[in-house]
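Q: Please take a close look at one part of this model, the loop that holds an unusual backbone angle, and then set it against the rest of the chain.

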Amino acid sequence: MSKLWKKYILWFAQEHVDFRLAEFESLSKLFGFKFQHLSDQFLKPFWLVEFPNDETALQFASRSVALRAIFELYAHGQTLHAFHERLRNHVESHPAKVEAHFGANTSFKITVETYNKHFSQREKIDKIETMNYLPLSGPVDLKHPKVEWWYIEFWGLDPTAVPPVPDDILFGRLLAAGQRHLIKDLSLKHRKFIGNTSMDAQLSLLMANQALVAPGDLVFDPFVGTGSLLVSAAKFGGYVMGADIDYMMLHARCRPSRITQKVREKDESIRSNLKQYGCADRYMDVVVADFSNPLWHPRVSFDSIITDPPYGIREATEKVETKVTVKEGTRNSDMAHYPSTSHYALQQLYADLLDFASKHLRIGGRLVCWLPFHREDYSEATLPQHRNLQLVANSEQLLTGQTARRLLTYEKCSQTEPSDWSVPPLHVATPSEDFRDRYFNNCVESRQDRRMRKAEHREQGRLEMQRRGKVPSDSRAKKCDLNKSRFD
Ligand SMILES: C[S@@+](CC[C@H](N)C(=O)[O-])C[C@H]1O[C@@H](n2cnc3c(N)ncnc32)[C@H](O)[C@@H]1O
């Protein structure tokens, strides 16, 4: 059986490296495809894998955002000698391939790709000429070739320690490109409605892949903001809906985040974003709702929940207080009730999120969410857990030196009947200390400190200018005087 399988080269973009394997495994589950002998050096941009056929390879390429391109492998070697020997043998022992791809009527092009080392055009041509034993008999066509051959040299990952010879040499036939064009197509730069919290296109596409969004799925984002996660889910065929506590944000009435824009345009909305990308028919609706107050009927069931909850850094983590929990001594019973808000602790928020997912996901449905943390605090034991949800992927994205966030993917594996919903679930909350408090108190300097540091920096610049005998311009002189007065 295994003899019929074919070998492929997967070429990944060297970006969000920690997300590749999770995406690969998710897509394997989404399409139900099998693979074997996957290379285990996941940091490298070139992986080798065996698929049963080209259709499987094309399925993977049809959804992968991490993938640059996929090639049918002809030869792989770790020395030039071994590589050429294998390539020659492969061609000689596969006459059917030679007939199909090397024939006189098959135009071709050979591309030389080198990773971590630059080669001139001349040097690249020399590399092509080392393969003069290939029975290529068709015409060269650099613009629209029928077959594209790729010769790849991998010279390690460290630009400061390039090895004397390449680590891997590969040769293959291009089968398909991945879906990286979507990153540009859905770029926030040209999106109608964005805000400070909009997720960049690449990460939101990766999230939709983690959530296994398939055409016809019902996808929900309970902290929807500007709806950037709905865009990618709708692009993959999901019917999307969202909720947010902030009416102004949800309906694009908040301050514009583009520096060139003074006021919001009338037609800015999540719906118009979907329309912009040709997915207007997949917009269900959005509602203003506080996530801490359960809103949904027990029978409501989603195929996936993708969300980026508030961390309290760029946006508040708030919940609405009810009459029952109102602070003592602040109101009389006959007063009209204007709901106040209070801090929604991250621990509670994630506990609520997992609980919500356990109730409103179908079995097999996925919750994909970000969790921020301080890197020194991280341990798997601190991740939120729930008895009905299984953690199936966990990828890290660095934010600042000390902070990072993890994209967690949970799959609903069992069901609690609505009659048992009052039984507390077995979840362990996130780290005890609040991310926001620690972010502002421990890690980042206060505004005052920052102002002083910058002023000190400018003052040093002024002294340096003075030493060099330069006269500062008018406005610069004013700033310098201000700085001086701060330090004198
Ligand atoms: C990180 S942002 C989400 C950004 C979003 N993915 C986007 O594309 O803009 C978090 C959102 O959660 C909302 N939020 C904060 N507290 C909430 C609550 N208690 N219930 C529902 N939404 C809340 C905020 O208004 C904010 O829009």
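**A loop residue and its setting**

A: In this predicted model, asparagine 116 sits in the loop that runs between β4 (108-115) and α5 (121-129). The phi angle of asparagine 116 is near 75°, a positive value in a residue other than glycine. Asparagine 116 has 18 other C-beta atoms within 10 Å, and 20 or more would be needed to call a residue buried, so asparagine 116 counts as partly exposed.

Histidine 16 can be described along the lines used for asparagine 116. Histidine 16 belongs to the loop between β1 (6-12) and α1 (20-31). Its phi is near 45°, again a positive value in a residue other than glycine. With 19 other C-beta atoms within 10 Å, histidine 16 is partly exposed.

The strand before that loop, β1, spans residues 6-12. As for leucine 10, its contacts include Trp47, Val49, Leu67 and Ile70, when residues up to four places away in sequence are not counted. Leucine 10 is also among the residues that touch the most other members of the largest nonpolar core, which has 95 residues. The others in that group are Tyr8, Met207, Val219, Ala233, Ile306 and Ala357. Helix α11 (residues 346-360) supplies the largest share of this core, 8 residues. Both domain 1 (2-179) and domain 2 (183-329 + 337-441) give residues to the core, so the core lies between them. In soluble globular proteins, nonpolar side chains tend to be buried together.

Terms used: Residues numbered from 1 in each chain as written. Predicted model: local features only at pLDDT ≥ 70, side-chain atom pairs only at ≥ 80, totals over all residues. Core = buried A, V, L, I, M, F, W, Y, C linked by C-beta atoms within 7 Å. Buried ≥ 20, exposed ≤ 12 C-beta atoms within 10 Å, placed from the backbone. Helix = DSSP H or I, 4+ residues; strand = E, 2+ residues; numbered from the N terminus. Domains from an automatic or database assignment. Contact = placed C-beta atoms within 7 Å.
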